[in-house]
Amino acid sequence: MDEEYEVIVLGTGLKECILSGLLSVDGVKVLHMDRNDYYGGESTSLNLNQLWKKFRGEEKAPEHLGASRDYNVDMMPKFMMGNGKLVRTLIHTDVTKYLSFKAVDGSYVFVKGKVQKVPVTPMEALKSPLMGIFEKRRAGKFFSYVQDYDEKDPKTHNGMDLTKVTTKELIAKFGLDDNTIDFIGHAVALHTNDQHLNQPALDTVMRMKLYAESLARFQGTSPYIYPLYGLGELPQAFARLSAVYGGTYMLCKPECKVEFDEEGKVIGVTSEGETAKCKKIVCDPSYLPNKVRKIGTVARAIAIMSHPIPNTNGSHSVQVIIPQKQLGRKSDMYVFCCSYSHNVAPKGKFIAFVSTDAETDNPQTELKAGIDLLGPVDEIFFDMYDRYEPVNEPALDNCFISTSYDATTHFETTVADVLNMYTLITGKQLDLSVDLSAASAAEE
C-alpha cells in the first residue's frame with residue numbers, strides 16, 4: 001500500500017464508484033478503499049437475512065417469506081430516467097455491458113386524494129382523469145408548447161425568453177390550475193419543492209422534455225428503467241470499469257485515516273499502519289465528519305408485500321410521487337415499488353419503500369399517507385438516517401466529499417452531484433456525448 005496515487009477514493013457508495021470509474025477512464029491513478037467488506041456503502045443491496053439483522057437484530061428471517069438469497073433490497077432505491085444523465089454516463093463509459101436493465105411499469109402522482117397516472121403528452125393529457133375537460137385542453141396546449149420548444153429556434157418560443165420568464169409566469173399564460181401545476185412540477189419536472197415557480201422557466205421546460213424523451217426512448221409506460229437484481233449491481237459495475245482502466249481496490253480496510261500536511265492539504269490515507277500517498281481525496285461524508293454539516297433527516301419505511309400497489313394498473317415496478325401540497329407538508333413523499341419482475345424478490349413478492357424528508361421524529365406517523373397507499377403488508381421496517389453536505393473548500397484541502405442521498409426515488413439529483421464533483425476534481429465538464437465503447441472500437 002505504500003505507494004503514491006493521484007486520487008484515493010474512500011467508500012464504495014454509488015457516487016464514489018462512478019467517480020472512481022470516470023477518473024480511471026481519464027487515465028488518473030486511483031486507489032479505492034472501503035472499511036466494509038462489500039460494495040455499495042450506504043447504497044448497498046441487502047438479502048433478506050441481512051435486512052432482518054439490520055432492522056430486527058435477528059440472524060434469520062421467517063421462512064414463509066422465501067429464500068434470503070432471492071431478495072436484493074436496495075438501501076437507497078432510485079429509478080433511472082431512460083434518457084437521463086446516469087444512463088448517458090453508463091453509455092459513455094460502456095458500463096452497460098456489465099448490467100441488464102428493464103423498463104419500469106408505471107409513473108404515478110397522488111392528487112386530490114387519488115393515485116393517478118402521470119400524463120406527459122398532449123394525447124395523455126386529453127385522456128387523464130386528473131383534469132376536467134377544459135383543463136385537459138389547456139394542459140394539452142402547454143404540453144404541445146413544451147414538446148415543440150427548441151432552445152435554438154426562436155420560432156418555438158412564442159415570444160417568451162424562458163431564461164427570464166418564471167415558471168409561474170409561463171404557466172399563467174396557459175391558465176392551468178393549482179393541481180395541474182403541482183403534478184407537472186413534482187411528478188414530471190421532478191422538482192423537490194416549489195422554488196422552481198419563481199425561477200426561470202427554462203429549467204422546468206427542459207426537465208419536462210427529458211421526461212418525455214425518456215418515455216419515448218424505451219417505448220414503455222414510464223420514463224424509468226431499473227437494473228435487474230437491484231442497484232447493488234451499479235457500484236460493482238463502475239468498480240469493474242475502474243479496475244479495467246488500472247484502478248486498485250482494497251475492501252475491509254479499517255480506520256481509513258486521512259492525513260494532512262501543515263497547510264491542511266491532504267497528503268494520504270493511513271490504514272493498518274501503512275500510508276498510501278495521494279494528491280486528492282474523494283469520499284462520502286462518513287470519512288471526514290469534521291468537514292460536513294447535517295442538512296436534514298430522511299424518514300422511510302420498507303415493506304414486503306404479496307401484491308402490487310393498488311390503483312397502479314397491477315404495476316410490478318412503479319413510482320408514486322405525493323407532492324408536498326397534497327399533504328400540507330414542506331417536502332414531497334415518494335413511494336417506490338419493485339418486485340420479482342426485476343429479480344429483487346422471490347416470485348409473488350414485492351418490495352415497497354416510502355420516503356420523505358423528516359419533519360418530525362416519528363416516521364410511523366409521518367409516513368402514514370404513503371403507507372396507506374400500499375394496501376396490506378407482510379412485513380414493514382421503519383428507519384431514519386441523517387443527511388450531510390460538505391462545508392470544506394476543496395481548492396484549499398483537496399478533499400472532494402459527496403452529499404448524502406436524498407429521499408427522492410429517481411437519480412437526477414444524485415447524478416448532478418457526481419458531475420459537479422467530477423468538474424471540481426478535474427477542472428473540466430464531462431462530455432456525455434462521447435461513447436467510449438465506440439471510440440475504443442474505432443481505435444482497434
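Which residues in helix 5 meet which residues in helix 6? In this predicted model, Arg-138, Lys-141, Phe-142 and Tyr-145 of helix 5 are in contact with Leu-170, Ile-171 and Phe-174 of helix 6. Sorted by class, this contact comprises 5 nonpolar residues, 2 charged residues and no polar ones. Two packed helices are described by the angle between their axes and by the distance between those axes. Helix 5 spans residues 133-148 and helix 6 spans residues 167-174; their axes come within 9 Å and cross at roughly 125°. Because of this crossing angle, helix 5 is oblique to helix 6.

Helix 5 also contains Gln-147. With a relative accessibility of 42%, Gln-147 counts as partly exposed. Apart from neighbours within four places in sequence, Gln-147 has contacts with Thr-121, Pro-122 and Lys-209. Its C-alpha atom lies 34 Å from that of Asp-74, a residue 73 places away along the chain. Asp-74 is in turn one of the residues touched by Thr-44, the others being Tyr-38, Tyr-39, Val-73 and Met-75 when residues up to four places away in sequence are not counted. Thr-44 belongs to the loop between strand 2 (30-33) and strand 3 (45-46). Its relative accessible area is 8%, under the 20% cut-off, and Thr-44 is therefore buried.

An open sheet is formed by 7 strands in the order 8-7-15-16-17-14-18, with mixed pairing. Its edges are strand 8 (114-117) and strand 18 (379-390), each of which pairs on one side only. On average, neighbouring strands of the sheet are turned by 25° against each other, direction ignored. Within this sheet, strand 16 (residues 333-339) and strand 17 (residues 350-357) run antiparallel and are joined by 7 bridges. One of the paired positions is Ser-339, whose bridge partner in strand 17 is Phe-350.

Two helices that pack on this sheet are described next. Helix 2 (residues 48-56) touches strand 14 (292-305) and strand 18, and its direction makes about 75° with that of strand 18. Helix 7 (residues 178-188) touches strand 7 (106-111) and strand 15 (318-322), and its direction makes about 140° with that of strand 7. Of the 11 residues of helix 7, 9 are buried, so this helix is largely enclosed by the rest of the structure. The buried residues are Thr-180, Ile-181, Asp-182, Phe-183, Ile-184, Gly-185, His-186, Ala-187 and Val-188. Their cover includes strand 7 and strand 15, together with helix 5, helix 6, helix 8 (201-217) and helix 10 (324-327). The oblique pair formed by helix 5 and helix 6 thus contributes to the surroundings of helix 7.

Further strand pairings involve strand 1 (residues 4-10), of whose 7 residues 5 are buried, so that strand 1 is largely enclosed by the rest of the structure. Strand 1 pairs in the parallel sense with strand 13 (residues 274-283) over 6 bridges, and Val-9 stands opposite Val-282 in strand 13. Strand 1 also pairs in the parallel sense with strand 2, over 4 bridges. Here Ile-8 stands opposite Leu-31 in strand 2. In a regular strand, side chains alternate between the two faces of the sheet.

Helix 1 (residues 14-25) has 12 residues and reaches 17 Å from its first C-alpha to its last, close to the 16 Å expected at 1.5 Å a residue. Helix 1 is largely enclosed by the rest of the structure, because 12 of its 12 residues are buried. Among them are the charged residues Lys-15 and Glu-16, as well as Leu-14, Cys-17, Ile-18 and Leu-19. Just after this helix, Gly-27 takes a positive phi of about 90°.

A positive phi is also found in a hairpin. Strand 11 (residues 257-260) and strand 12 (residues 266-271) run antiparallel and are joined by 4 bridges, with Val-258 opposite Val-269 in strand 12. The hairpin of strand 11 and strand 12 has 5 residues between the strands, and within the hairpin Gly-264 takes a positive phi near 85°.

Key: Residues are numbered from 1 along each chain as its sequence is written. This is a predicted model: local features need pLDDT of at least 70, side-chain atom pairs count only at pLDDT 80 or more; totals for chains, interfaces and linings use all residues. Side-chain values use heavy atoms; hydrogens and water are left out. The expected span of a helix is 1.5 Å times one less than its number of residues. Buried means under 20% relative accessible area, exposed over 50%, partly exposed in between (1.4 Å probe, protein chains only). Axes are lines fitted to C-alpha atoms, for helices over the stretch in contact, and angles run from 0 to 180 degrees between N-to-C directions. Angles under 35 degrees count as roughly parallel, over 145 as roughly antiparallel, 65 to 115 as roughly perpendicular and the rest as oblique. Contact means heavy atoms within 4.5 Å. Two strands pair if DSSP finds at least two bridges between them.
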